[in-house]
Amino acid sequence: MSKSINTTVDYFNIGESIKVYADKDSASKYVADRIANLIATKQVKGERAILGLATGSTPKGVYKELVRLHKDEGLSFANVVTFNLDEYYPMHPIEDQSYVSFMKANLFDHIDVVKSNIHIPDGTLSLEAIEAFCQSYEKKIKDFGGLDLQLLGIGRSGHIGFNEPGSDHRSMTRLVSLDEITRLDAVDDFKGYDKVPTQAITMGIKTIIEAKQVILMALTQRKAQIMHRAIYGEVSKEVPATFLQKLTHVEYILDNQAAELLK
């Protein structure tokens with residue numbers, strides 16, 4: 001049983017680092033409670049909680065529960081500093097498909113986070129300015145003492161962040177080309193394949209795995225095959241999520257559908 005701020009949810013373990021929940025709501029509540037407990041613990045100590053955040057459909061339930069905890073149970077985000085994993089390039093922050101818009105709609109506009117503590121890769125930069133920005137992004141993370149917790153989803157290409165197949169475990173924040181599978185999965189959001197950006201700015205794998213805690217979430221049957229490869233497959237650049245296998249501080253949180261191929 002997992003004791004949470006406001007509820008208890010049932011799960012079963014597959015190995016020490018894998019928890020499988022009956023449904024996506026239970027899985028999302030568990031992750032939200034993990035984040036909330038980290039924030040509250042840091043508040044008691046007078047410290048900041050440095051969070052690495054993800055976008056996409058997977059973390060929406062987590063953010064919905066965090067908003068509820070803020071509104072109904074008084075969870076404050078005043079001590080929270082956030083770094084998002086990635087952003088499409090090019091992308092203006094007011095566009096509906098931007099991750100700035102996503103984070104505002106799903107989390108930031110509904111909590112008391114300090115706006116200057118929010119960091120999201122800038123999709124409006126000139127190509128010449130991207131390298132310096134990426135170096136600055138890395139430096140900011142280090143200046144805050146590193147990420148206390150990194151929340152991840154996983155793409156059907158095996159990407160974490162936008163670290164697509166071929167990404168090295170030593171990679172850091174940079175401009176990348178998006179895999180065809182990733183672009184195909186974004187067609188509905190952009191209303192056409194030709195409108196999906198071909199590039200993005202993303203945290204690197206090295207940046208991600210250096211977080212003190214890493215949580216990878218996978219929900220729905222669409223993620224079942226890639227989660228089997230991510231957990232049991234050979235560690236390889238071809239499935240970047242397999243680099244997490246080497247970590248002692250990673251936790252995989254799945255619903256029953258995403259876990260259907262696991263042993």
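Thr220 is found in the loop between β12 (214–218) and α8 (224–232), and in this predicted model the residue has a positive phi of about 80° although it is not a glycine. With a relative accessibility of 30%, Thr220 counts as partly exposed. A second non-glycine residue with a positive phi is Lys191, where the angle is about 60°; Lys191 is placed in the loop between α6 (187–190) and β11, and at 68% relative accessibility it counts as exposed.

Another backbone feature concerns a proline. The peptide bond that joins Tyr89 and Pro90 is cis, with an omega of about -5°, and Pro90 itself lies in the loop between β7 and α3.

**The sheet and the helix across it**

Strands of a sheet pair through backbone hydrogen bonds, in either a parallel or an antiparallel sense. Here, three strands make an open sheet in the order β7-β11-β10, and their pairing is antiparallel. The edges are formed by β7 and β10, each of which pairs on one side only, while neighbouring strands of this sheet are turned against each other by 30° on average, direction ignored. Between β10 and strand β11 (residues 199–202), the antiparallel pairing extends over four bridges, and Leu175 stands opposite Ile201 in β11. Helix α4 (residues 127–143) lies across β7, β10 and β11, and its direction runs at about 125° to β10.

**Aromatic contacts**

A pair of aromatic rings is described by the distance of the centres and the angle of the planes. The structure holds eight aromatic pairs, and two that involve Phe162 are set out below.

| Pair | Centre to centre | Angle between planes | Arrangement |
|---|---|---|---|
| Tyr88 and Phe162 | 5.4 Å | 45° | tilted |
| Tyr99 and Phe162 | 6.3 Å | 20° | stacked |

The pair of Tyr88 and Phe162 links distant parts of the chain, since Tyr88 belongs to strand β7 (residues 86–89) and Phe162 to the loop between β9 (149–152) and β10 (174–177), with the two positions 74 residues apart in the numbering. The angle of 45° between the planes of Tyr88 and Phe162 is why this pair is classed as tilted, given that stacked rings need planes under 30 degrees apart and edge-to-face rings need over 60. Tyr99, by contrast, lies in helix α3 (residues 99–106), and because Phe162 lies in the loop between β9 and β10, their pair ties together parts that are 63 residues apart in sequence.

Are the three residues of these pairs buried or exposed? Tyr88 has a relative accessible area of 5% and is buried, Phe162 is buried at 4%, and Tyr99, at 11% relative accessibility, counts as buried too. These values fall under the 20% that marks a buried residue, so the term applies to each of them.

Elsewhere, Phe83, Phe133, Tyr137 and Phe144 form one aromatic cluster. A ring also meets a charge in the case of Tyr193, over which the charged end of Arg183 sits at 4.2 Å from the ring centre.

Methods:
Residues numbered from 1 in each chain as written. Predicted model: local features only at pLDDT ≥ 70, side-chain atom pairs only at ≥ 80, totals over all residues. Heavy atoms only, no water. Phe/Tyr/Trp six-rings, centres within 6.5 Å; stacked < 30°, edge-to-face > 60°. Buried < 20%, exposed > 50% of the residue type's maximum accessible area, 1.4 Å probe, protein only. Lys NZ or Arg CZ within 6 Å of the ring centre and 35° of its normal. Pairing = 2+ DSSP bridges. Axes fitted to C-alpha atoms, helices over the stretch in contact; angles between N-to-C directions. Contact = heavy atoms within 4.5 Å.
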